[in-house]
Structure formats: C-alpha cells, structure tokens
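Me: I have a model open and want a quick tour of the fold. Can we go through it piece by piece?

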Amino acid sequence: MPYIIKEKTLALIPYGSKTHVLEYSNDEMIEEPLLQILEHNCILSGSTLEGRRKGSSSLIGANYKPPIVIDEVKKLILIPTHSHRNPKCIWLVLQNILNYQIKNNQKVTVAFKNNQKIDLEISYSIFDKQVLRAARLQSALKGRKY
C-alpha cells in the first residue's frame, strides 16, 4: 500500500529506493522511492507531480524547485530542498515547520511543531527562499476566486 501524505507528515527523506518518513509521533522506512510516493499522492488529488509543479510555477512564477500542493483540501504544501530530480532532495511539509535557523555555512536546522529537528545540507539563504516560495503559493491559493 503506497504511503499517503497527511497532516502529521513532517518530511520525506530519500534513502536509495526507500523513503524515510518523519511524522509527528512516528518515523518509518517505506519500501517505495520518494518520487513514486509524491506521484501517487498527486494522482490521488487528480493531478501528476509534473502537473502540480506546473501549477505552482504558474501561480508564483518559480520555474526551478517550485513547492507543490499535495492536497488542496488539507492545504498540504511540500517544499523541496533541491531539484525533484536530485536523489538527495528532501521534501518538508510547510504547515509543520515551526522555525529554522542557520547551523553553519551549508547547514540549516529545521524545527517542527512537535519540537523534532532535522539538519539539512543546504544554505540558509536557499532554504529561506524555498520557504518564502511555499508561503507565496499558500497565499496565492487563498486568494484565488472561483
């Protein structure tokens, strides 16, 4: 059974052909590649990963490393740390990030709302830009007229 990204999901971390999933009170190794999990969850919401990427790019004007809406009803937005094609790309759920701070030159410590922390090998300025893009996407979604 494919992993379903939910409100309690904190991060999805690639681990070869498996995915390490961090949740509020649990973390587990899923026997499924991260991109396959993302694709499956996008399909459950009526799109594809590429469709979600294009939609985000259209709404916020970011063509490279756009955040994606994984579930519009639950308002779940995922932030990539790298290009989605990069095997080191970690995806974090925007709504569960409490704060983040610089650890050293090329590392950022992200604290989640449950006080769990993760260190990312990414510069603070790049990660901050990714979070701001995700916040812009969240705002653009709220501002849409039907």
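What follows is a short chat about the sheet, the helices, two arginines and the cysteines.

Me: What kind of model is this, and how is it numbered?
Reply: It is a predicted model: local features need pLDDT of at least 70, side-chain atom pairs count only at pLDDT 80 or more, and totals for chains, interfaces and linings use all residues. Residues are numbered from 1 along each chain as its sequence is written, and side-chain values use heavy atoms, with hydrogens and water left out.

Me: Start with the sheet. What is the strand order?
Reply: The order is S3-S2-S1-S6-S5-S4, an open sheet of six strands with antiparallel pairing. Strands (E, at least two residues) and helices (H or I, at least four) are DSSP runs, numbered from the N terminus. Two strands pair if DSSP finds at least two bridges between them.

Me: Which strands stand at the edges?
Reply: S3 and S4 (68-71) do. Each has a single partner strand, so one side of each is left without a neighbour in the sheet.

Me: And how much twist?
Reply: The average is 25° from one strand to the next. Angles run from 0 to 180 degrees between N-to-C directions, and axes are lines fitted to C-alpha atoms, for helices over the stretch in contact.

Me: How do S1 and S2 pair?
Reply: S1 (residues 9-15) and S2 (residues 18-23) are antiparallel over six bridges. Tyr 15 has Lys 18 of S2 as its bridge partner. The two strands form a hairpin with two residues between them. Gly 16, in the turn, has a positive phi of about 65°.

Me: What about S2 and S3?
Reply: Four bridges join S2 to S3 (residues 27-30), again antiparallel. Leu 22 stands opposite Asp 27. The hairpin here runs through three residues.

Me: What's on the other side of S1?
Reply: S6 (residues 91-93) is joined to S1 by two bridges, antiparallel. Ala 11 stands opposite Leu 92. H3 packs on the sheet, where it touches S4, S5 (76-80) and S6. The direction of H3 makes about 155° with that of S5.

Me: Switch to helices. How do H2 and H3 pack?
Reply: H2 and H3 (residues 124-142) pack at about 85°, with axes 9 Å apart. They are therefore roughly perpendicular. The scale: under 35 degrees is roughly parallel, over 145 roughly antiparallel, 65 to 115 roughly perpendicular, the rest oblique.

Me: Which residues make the contact?
Reply: From H2, Ser 56, Leu 59 and Ile 60; from H3, Arg 133, Arg 136, Leu 137, Ala 140 and Leu 141. Contact means heavy atoms within 4.5 Å.

Me: Arg 53 in H2: buried or exposed?
Reply: Buried, at 11% relative accessible area. Buried means under 20%, exposed over 50%, partly exposed in between (1.4 Å probe, protein chains only). Arg 53 touches Asn 63, Lys 65, Pro 66, Ile 68 and His 84, not counting residues up to four places away in sequence.

Me: And Arg 52?
Reply: Arg 52 is in H2 too, and counts as buried at 12%. Its contacts beyond four places in sequence include Cys 42, Val 69 and Glu 72. The C-alpha atoms of Arg 52 and Val 69 are separated by 6.6 Å.

Me: Last topic. How many disulfides?
Reply: Zero. The rule is a pair of cysteine sulfur atoms within 2.5 Å.

Me: Why does Cys 42 have no bond?
Reply: Because its closest cysteine sulfur, in Cys 89, is 13 Å away, too far for a bond. Cys 42 is buried at 0%, and Cys 89 is buried at 3%.
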